[in-house]
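Work through the exercises below with the coordinates open, and try each task before reading its solution.

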Amino acid sequence: MADHWIENHKRDSWRRQAKASGYRARSAFKLKQIQERFNLIREGDVILDVGCHPGGWAQVGMELVGESGFVLGVDLEPCQPVEGALLLTGDITDPHTQERMLAELNGRPLNSVVSDISPNITGKWDMDQAVAMTLVAQVFDFSLPLLCKGGSFVTKLFQGVGVEELIVAVKPYFSDVRRFAPHATRNSSSEVYLVCRNFMPWKAKNFSILESYEAALNLKLGGDDVDEGPEIIKSSFSVRRKKAE
Ligand SMILES: C[S@@+](CC[C@H](N)C(=O)[O-])C[C@H]1O[C@@H](n2cnc3c(N)ncnc32)[C@H](O)[C@@H]1O
């Protein structure tokens, strides 16, 4: 009960601070704290903001990249404009949305991908967590080919089955991959970000994070075991034919 009260109090305090600072969402402070700790985003950078509604991270992103930089955001929900950013409405896994994003980038490589994406919660924790982790792997697959050498990738993780497998799948492509829980998270035990630094594109040819992730998960959960069916037991029973009379 006391823990619950402290969590609620902290959450309200971040919400009040967000309102006072003009940020649209409390989540803005999470990106600020990630930036304070890792210094990933610089002036002039091109940033992809995945799951950008209502626009808190896009506001912080624009503050960091300045007028010479650019923030491209995407979300299922339409966003109020953020000056200097382009916030598209669409599903990042949909090829049409992906085409629009590529057209807007027009060949400009990304310096950072920041993804706060979280799918609709059904309340069935195992299922929500599995869907969310698959979505995170899909975001990696779409955006890693657009990331520049030395670029960074930040994504919300959903603690539970598959987290270790996802980390193993992305580790070969970055020189540093670690978990980070900003103070502004709702509940530090369940909301954690994966911070991947210094992308090495030459290691990421013909890769699929989703495939590596699913293969590792199947191995762990035994999902790919071949069901060989019941064992055939030899029977000593035989039928004697009646001799013809
Ligand atoms: C926690 S909110 C992001 C908050 C945002 N970082 C901010 O500071 O304002 C997560 C968002 O992910 C979006 N989302 C979920 N699935 C998506 C998908 N397939 N494509 C694009 N956005 C998605 C949701 O619509 C939701 O707005």
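In the class counts used below, Ala, Val, Leu, Ile, Met, Phe, Trp, Tyr, Cys and Pro are taken as nonpolar, Asp, Glu, Lys and Arg as charged, and the others, Gly among them, as polar. The model is a predicted one.

**Exercise 1. Describe the lining of the largest pocket by volume, residues, elements and class.**

Solution. Begin with the volume: the largest pocket holds about 840 Å³ of space. Next, list its lining, which comprises 30 residues, those closest to the centre of the pocket being Asp116, Ile117, Ser118, Pro119 and Lys156. Then assign the lining to secondary structure, where β2 (70-75), α5 (125-143) and β5 (147-158) each contribute at least two residues. Finally, sort the lining by class, which gives 13 nonpolar, eight polar and nine charged residues.

**Exercise 2. Locate the ligand and characterise the shell of residues around it.**

Solution. The first step is to place the ligand, which sits in the largest pocket. The second step is to collect its neighbours, using a cut-off of 4 Å between a heavy atom of the residue and the ligand; the shell then has 20 residues, of which Ser27, Gly56, Asp75, Asp91 and Asp116 are the closest. Asp116 also belongs to the residues closest to the centre of the largest pocket. The third step is to divide the shell by class, and the result is eight nonpolar, seven polar and five charged residues.

**Exercise 3. Identify polar contacts of the ligand, and state how much of its surface the protein buries.**

Solution. Take N or O pairs within 3.5 Å as the criterion. For serine 27, an N or O atom of the side chain lies 2.6 Å from an oxygen atom of the ligand. For aspartate 91, the partner is a nitrogen atom of the ligand, at 2.8 Å from an N or O atom in the side chain. For proline 54, a polar backbone atom is 3.2 Å from an oxygen atom of the ligand. Turning to the surface, the ligand taken alone exposes 610 Å², and 87% of that is buried by the protein.

**Exercise 4. Examine the backbone at proline 54 and at asparagine 106.**

Solution. Start with proline 54, which lies in the loop between β1 (46-50) and α3 (56-65); the peptide bond that joins histidine 53 to proline 54 is cis, with omega about 0°. Continue with asparagine 106, in the loop between α4 (95-105) and β4, where phi is near 50°, a positive value in a residue other than glycine.

**Exercise 5. Repeat the analysis of Exercise 1 for the second largest pocket.**

Solution. The volume comes to about 180 Å³. Its lining has 14 residues, and Leu40, Arg42, Gly150, Gly151 and Ser152 are the closest to the centre. Two or more lining residues come from each of β4 (110-115), β5 and β7 (191-199), and β5 gives the most, with five residues. By class, the lining of the second largest pocket divides into three nonpolar, seven polar and four charged residues.

Conventions. Residues are numbered from 1 along each chain as its sequence is written. This is a predicted model: local features need pLDDT of at least 70, side-chain atom pairs count only at pLDDT 80 or more; totals for chains, interfaces and linings use all residues. Side-chain values use heavy atoms; hydrogens and water are left out. A polar contact is a pair of N or O atoms within 3.5 Å; within protein, one must be able to donate a hydrogen and the other to accept it, and residues adjacent in sequence count only if both atoms are side-chain atoms. Accessible areas come from the Shrake-Rupley method with a 1.4 Å probe; for residues, only the protein chains shown count as cover. On a 1 Å grid over the protein atoms alone, a cavity is a set of points where a 1.4 Å probe fits but cannot get out, and a pocket is an open set with protein on both sides within 12 Å along at least five of seven lines; lining residues have an atom within 4 Å of a point. A molecule sits in a cavity or pocket if more than half of its atoms lie within 2 Å of its grid points. Grid points are joined across faces, edges and corners, and a volume is the space filled by probe spheres set on the points. Helices (H or I, at least four residues) and strands (E, at least two) are DSSP runs, numbered from the N terminus.
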